[in-house]
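Welcome! Keep your viewer open and your selection tool ready, and we will go from one stop to the next.

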Amino acid sequence: MSAPDTDVEPGTVYLVGSGPGDPELLTVRATRLLEAADIVLHDKLPGPEIIESLPEDRREDVGKRAGGERTPQSEINERLVELARAGKSVVRLKGGDPFVFGRGGEEAEYLAAHEVPFEVVPAVTSAIAAPAVAGIPVTHRDHASSVSFVTGHEDPTKPESAVDWEALAATGGTIVVLMGVGRLPDYTAALREAGMAPDTPVALVERGTRPGQRVATGTVETIVDVRDEAGISPPAVTVIGDVAGTRESVANFLRNDYGAAADTEPDAAAESGGED
């Protein structure tokens, strides 16, 4: 990282959440900052419509690239400081909310440690938005008075796992798993072993709020087969709990239609990290 120019007033870094993917769900603040920023450092998860609306000369892709390459977080941190010290107004654009499995907290700490001013711009997290547009409330007076957000990247079988699946199974509330399509067999098995009823409803919401959104439903016992038969792939959110069963009663009147198609191909650019 280059040495700071002491004659240049530091720019501000904006840690901006893009929401679940639909450009119309961007906040007014996020939209204004994207229009005014000198440079936008983005992942793939904000979605192609949002990313492609940014001029090419004002955006940098710091997400996943072809061949599985990705920009290390350390390089992103350094780049944010470098640009700010050059006096730039910098937007760090993330999918969903920047502080929900988006590493925004790490970036905020790094910026503060390097005396770079920053602002956090919250957004609707896909953990709530994706189930909502599928007709599934994450809380419901008759079904769930609590909700837990969990990363699906954790291996439930490893001894040092930070996720206590046994405790989650005992809560009786809703469990929302982000980035959990691949490990679905592992954590549903962990929940069953922890005592969760095999007939507990489960829903998978793929590409929530984006074109090609799809919803697949089943139970803790059947959802892996449902996933495989439907070909559900990332980005997707898993909703576990009685609330997932409420979709059936409202689906015929739900108008949150994002043009789902059974033959929709997965987004080749979708990341394995980030919110969903």
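Start by selecting Arg214 and Ala230: a polar atom of the Arg214 side chain lies 2.8 Å from the backbone oxygen of Ala230. Bear in mind as you look around that this is a predicted model. Arg214 sits in strand β9 (residues 214–219). Now add Glu206 to the selection, and you will find its side chain meeting that of Arg214 in a salt bridge, 3.1 Å from N to O. Are these two partners buried or exposed? Both Arg214 and Glu206 are buried, with Arg214 at a relative accessible area of 10%.

Next, the other salt bridges. The structure has 12 salt bridges in total. Select Arg79 and Glu82, whose closest N and O atoms are 2.8 Å apart in a salt bridge. Because they are 3 residues apart in helix α3 (residues 73–85), about one helical turn separates Arg79 from Glu82. Arg79 is partly exposed at 26% relative accessibility, and Glu82 is partly exposed at 28%.

Move on to Arg183 and Asp186, a salt bridge with its closest N and O atoms 3.2 Å apart. Here Arg183 is partly exposed at 29%, and Asp186 is partly exposed at 28%. Then select Asp43, Arg92, Lys94 and Glu107 together to see a network of salt bridges.

For the last stop, which rings should you show? The structure holds 1 aromatic pair: Trp165 and Tyr187, stacked at 5.3 Å centre to centre with 5° between the planes. This pair links distant parts of the chain, with Trp165 in helix α6 (residues 165–171) and Tyr187 in helix α7 (residues 184–193), 22 residues apart. Trp165 is buried at 5% relative accessible area, and Tyr187 is buried at 0%.

Notes
Residues numbered from 1 in each chain as written. Predicted model: local features only at pLDDT ≥ 70, side-chain atom pairs only at ≥ 80, totals over all residues. Heavy atoms only, no water. Phe/Tyr/Trp six-rings, centres within 6.5 Å; stacked < 30°, edge-to-face > 60°. Helix = DSSP H or I, 4+ residues; strand = E, 2+ residues; numbered from the N terminus. Buried < 20%, exposed > 50% of the residue type's maximum accessible area, 1.4 Å probe, protein only. Polar contact = N/O pair within 3.5 Å; in protein donor to acceptor, adjacent residues only side chain to side chain. Salt bridge = Lys/Arg side-chain N within 4 Å of Asp/Glu carboxyl O.
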